[in-house]
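Thanks for coming. I will take a few minutes on one model, and you can follow along on the screen.

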Amino acid sequence: MEELVLRPTYGLPRQAARPRWQHIDLINRDGFGIGWFGADGHALSYRRTGPIEDDPDFPALAEQVHGTCVVGAVRGASPGMPIEEAATAPFTHGTALLSLNGHLNVRLTTPLHDPEYVPESTCDAAFLAQLLWQRLDQGRPLASAVPELVQDVLVLDPHACLNLLATDGETVVATTWGETLCYRSGPEGTLVASEPNDDAEDWITVPDRHLVVVDALGVTLRTLDAFDPAQLADPV
């Protein structure tokens, strides 16, 4: 975790304070969170309010925790949203993690919500997480549940910004809708990020309104406007 989050030239602490690509929030210092998976496959998280560099306990944790799939997030709270750990990504549910870079109108998208699911915070990202958990609990595969959720939200809230990243530890699914995204693949795996964490030239920029799926077969990139689950069979 230390190698992924703290060591890069433009790791999470620097991206939170001075993002180079981001369009909406120019400062993301209202909280941070790290998610990973335990030996039993269940998702774990460490979330705090405030800037990542102000947490005295995180460096020791980052040095000790190792994992084959790690999600890091920093938060710039939307106006009116609470500043609390429960509002900070990544959100967890069984074997799934979710992070949102964007916003949506909770009131407009309430028709999608099953009342049996209670968001852990009143913030829009926690609400969106519950919408995804509903679909996963119904048996929807992650690679189709995420883009279908994005499309359903946009029908009700056309002004939503929906850059999502979700993973079950084996598959990573990310979308671009209003914000930036890139990825880099190498011998040690694939890194998906809102912006590069260094100045290397091997980062691939993901265009807006696209779906990215990373699994053992490689990276699949498709347009999100005309999403078809059958397209996931042919990586590019």
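I will go through a helix, a strand, the salt bridges and one loop residue.

Some ground rules before that. This is a predicted model, where local features need pLDDT of at least 70 and side-chain atom pairs count only at pLDDT 80 or more, while totals for chains, interfaces and linings use all residues. Residues are numbered from 1 along each chain as its sequence is written, and side-chain values use heavy atoms, with hydrogens and water left out.

Start with helix α6, residues 142-156. Helices here are DSSP runs of H or I with at least four residues, strands are runs of E with at least two, and both are numbered from the N terminus. What span should the 15 residues of α6 have at 1.5 Å a residue? The expected span is 1.5 Å times one less than the number of residues, so α6 should cover 21 Å. Its end C-alpha atoms are 22 Å apart, which agrees.

Which residues of α6 are buried? Buried means under 20% relative accessible area, exposed means over 50%, and partly exposed is in between, with a 1.4 Å probe and protein chains only. The buried ones include Leu-142, Pro-147, Leu-149, Val-150, Val-153 and Leu-154. The buried residues of α6 pack against α4 (106-109), α5 (124-137), β6 (161-167), β7 (172-176) and β11 (210-215).

One of those partners, β7, has five of its five residues buried. Val-172, Ala-174 and Thr-176 are on one side, Val-173 and Thr-175 on the other, and both faces are covered. Strands count as paired if DSSP finds at least two bridges between them. β7 pairs with β6 in the antiparallel sense over three bridges, and Val-173 is the bridge partner of Ala-166. In the hairpin of β6 and β7 there are four residues between the strands, and Gly-169 takes a positive phi near 95°. β7 also pairs with β11, again antiparallel, over five bridges. There, Val-172 stands opposite Val-214.

Now the charged pairs. Side chains of opposite charge can pair when their charged atoms come close. A salt bridge here is a side-chain nitrogen of Lys or Arg within 4 Å of a carboxyl oxygen of Asp or Glu. How many salt bridges does the structure hold? There are seven.

One of them brings us back to α6: Asp-152 meets Arg-135 at 2.8 Å, N to O. Asp-152 is in helix α6 and Arg-135 in helix α5, 17 residues apart. Asp-152 is partly exposed at 30%, and Arg-135 is buried at 14%.

Next, Arg-184, which is buried at 18%. Its side chain meets that of Asp-198 in a salt bridge of 3.1 Å, N to O. Asp-198 lies in the loop between β9 (189-193) and β10 (204-205) and Arg-184 in strand β8 (residues 182-186), so this pair ties together parts 14 residues apart in sequence. Arg-184 also meets Asp-202, at 3.3 Å, N to O. Asp-202 is in the loop between β9 and β10, so that pair ties together parts 18 residues apart in sequence. Salt bridges that share partners join Arg-184, Asp-198 and Asp-202 into one network.

Last, Ala-89, in the loop between β3 (71-75) and β4 (91-93). Ala-89 is buried, with a relative accessible area of 10%. Contact means heavy atoms within 4.5 Å. Not counting residues up to four places away in sequence, Ala-89 touches Phe-32, Gly-33, Arg-47, Ala-73, Leu-98 and Ser-99.
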